[in-house]
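Please work through the exercises below with the sequence and the model open side by side. Each task is followed by a solution that goes step by step.

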Amino acid sequence: MRHSWQIGKVHGIPIRVHWTFAGLIILVVALTAGSGGEDVLAALGWLVLLFGSVVVHELAHSLVARRRGLSVHDIVLLPIGGVSEIPELTRSSDDELRIAVAGPVASVGLALVFGVLGAATGAALWPPTLVTGSILIRLAWMNLLLGAFNLVPALPMDGGRVLRAFLARHHGEPWATTTATRLAKGLGMAMVVIGVFVDVWLVLIGVFVMIGAQGESQMSTVRAALGDRRVADLTVPIPYTLPEDLRVAEVFHRYPPYPWTAIPVEGASGYVGMVTHSSLMAASPDVLVGHIADQHVPLLDPRAPLFPTALTAFEQSRGFPVMPVGSHGRVRGLIAAHDVEALVARAPLATR
Ligand SMILES: [Zn+2]
């Protein structure tokens with residue numbers, strides 16, 4: 001997530017704090033400053049414990065995701081809670097169920113541990129408290145609340161993911177997502193309306209749910225539109241590839257204009273990278289083409305599925321308009337991002 005700072009790393013997973021978090025700290029200081037320095041410190045200490053609990057919750061999601069073979073980008077802390085950034089494209093509904101359940105299970109587990117520790121010190125577990133009394137009992141209730149609130153069945157919250165995974169087992173993924181996102185938009189709207197009277201955080205979470213639910217339904221549309229089509233289905237032949245040891249000046253002298261904005265470059269051992277028209281125009285005439293080729297653009301296997309392989313490749317190559325397609329390191333053709341987009345746009349309305 002952009003505009004966030006790394007504050008640590010657990011099991012190789014970066015923990016980051018979003019810049020909006022500074023607003024929360026300022027708010028906490030402003031609300032407590034009137035009653036003295038000790039109260040400010042106590043409130044900030046409580047904030048650290050609260051978000052420490054959120055990190056444990058998110059780590060549970062992330063570690064289960066990693067055990068299921070998915071890569072975890074990072075965990076980002078926002079004022080309204082944490083987000084584990086795990087690519088959604090490659091998830092099965094079984095993965096989704098296990099990853100989603102892990103967070104609330106960890107929170108309830110923490111609540112039990114703090115509850116038992118608190119009871120051992122002789123503090124009363126009842127009535128529920130978040131504001132005063134034993135810190136252990138407050139942490140127990142807070143983690144229980146965190147676990148329970150996340151189970152509200154509103155995508156993209158954990159409960160919504162659990163609901164979708166269950167629905168997908170019997171009715172298929174597109175229907176499950178449509179139903180779960182409709183429910184989520186309704187619940188998000190209700191949170192906003194109730195939040196106006198009760199608490200501003202509920203308004204923010206309601207907005208987060210409505211935006212997130214919209215994103216989930218778009219993703220599902222794309223998945224349904226691309227179905228089980230392969231990269232080969234959209235691959236177009238190319239007139240030539242450029243040798244890596246060619247000078248830029250020679251490209252313009254010896255080669256006819258290229259119909260796409262980027263050209264694959266090949267060397268003796270196969271595919272090297274992609275060179276764009278604009279980088280050819282900007283480069284000095286003596287530079288070798290291989291030196292200005294972007295080597296981060298992968299060679300796509302023609303048998304790979306459009307969803308998620310090609311889509312992920314386009315996403316990760318920072319808006320590259322075309323991708324080379326080939327096997328055994330040799331380029332056979334290109335696939336254009338706008339052809340993939342056109343396929344999604346032509347999808348029957350029923351799947352949108
Ligand atoms: Zn969660």
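The exercises that follow move from the domains to the helices and then to single residues.

The structure is a predicted model, in which local features need pLDDT of at least 70 and side-chain atom pairs count only at pLDDT 80 or more, while totals for chains, interfaces and linings use all residues. Residues are numbered from 1 along each chain as its sequence is written.

**Exercise 1. Domains**

Task: state the domain bounds, and describe how domain 2 and domain 3 are placed.

Solution. Begin with the bounds, which come from an automatic or database domain assignment: domain 1 covers 1–151, domain 2 covers 156–226 and domain 3 covers 231–345. Next take the separation of domain 2 and domain 3, whose C-alpha centres lie 38 Å apart. Then look at the contacts, where two residues are in contact if their C-beta atoms, placed from the backbone, lie within 7 Å; by this criterion four residues of domain 2 touch four residues of domain 3. Finally, sort the domain 2 side by class, with Ala, Val, Leu, Ile, Met, Phe, Trp, Tyr, Cys and Pro as nonpolar, Asp, Glu, Lys and Arg as charged, and the others, Gly among them, as polar; the side of domain 2 that touches domain 3 has three nonpolar residues, no polar ones and one charged.

**Exercise 2. Helix H2 and what covers it**

Task: compare the span of helix H2 with the expected value, and find which of its residues are buried.

Solution. Helices (H or I, at least four residues) and strands (E, at least two) are DSSP runs, numbered from the N terminus. Helix H2 runs through residues 37–67, which gives 31 residues, and its first and last C-alpha are 45 Å apart, close to the expected 45 Å; the expected span is 1.5 Å times one less than the number of residues. For burial, count the other C-beta atoms, placed from the backbone, within 10 Å of a residue's own: 20 or more means buried, 12 or fewer exposed, and anything in between partly exposed. The buried residues of H2 include Phe51, Val54, Leu59 and Ala65, and also Glu58 and His61. Among the elements that cover these buried residues are strand S1 (4–10), strand S3 (74–78), helix H3 (93–120) and helix H4 (135–150). After H2 comes Gly69, with a positive phi near 85°.

**Exercise 3. Two crossings of H2**

Task: describe how H2 crosses H3 and how H1 crosses H2.

Solution. Two packed helices are described by the angle between their axes and the distance between the axes. Here axes are lines fitted to C-alpha atoms, for helices over the stretch in contact, and angles run from 0 to 180 degrees between N-to-C directions. The axes of H2 and H3 come within 8 Å and cross at roughly 145°. This crossing is right-handed, a term used when the near helix is turned clockwise from the far one by less than a right angle, with anticlockwise giving left-handed. Residues of H2 including His57, Ala60 and Val64 meet residues of H3 including Ala102, Val105 and Ala106, and the whole contact has nine nonpolar, five polar and two charged residues.

For helix H1 (residues 21–32), the axis comes within 9 Å of that of H2, again at roughly 145°, and the crossing is right-handed. Val28, Val29 and Thr32 of H1 meet Asp39, Val40, Ala43, Leu44 and Leu47 of H2, a contact of six nonpolar residues, one polar and one charged.

**Exercise 4. Peptide bonds and backbone angles**

Task: locate the cis peptide bonds from Leu155 to Pro156 and from Phe307 to Pro308, and place His11 and His328.

Solution. The bond from Leu155 to Pro156 is cis, with omega near 0°, and Pro156 lies in the loop between H4 and H5. The bond between Phe307 and Pro308 is also cis, with omega about 5°, and Pro308 is in helix H11.

Turning to phi, His11 has a positive value of about 50° although it is not a glycine, and lies in the loop between S1 and S2. His11 counts as exposed because it has 9 C-beta neighbours inside 10 Å. His328, likewise not a glycine, has a positive phi of about 55° and sits in the loop between strand S8 (322–327) and strand S9 (330–336). With 9 other C-beta atoms within 10 Å, His328 is therefore exposed.
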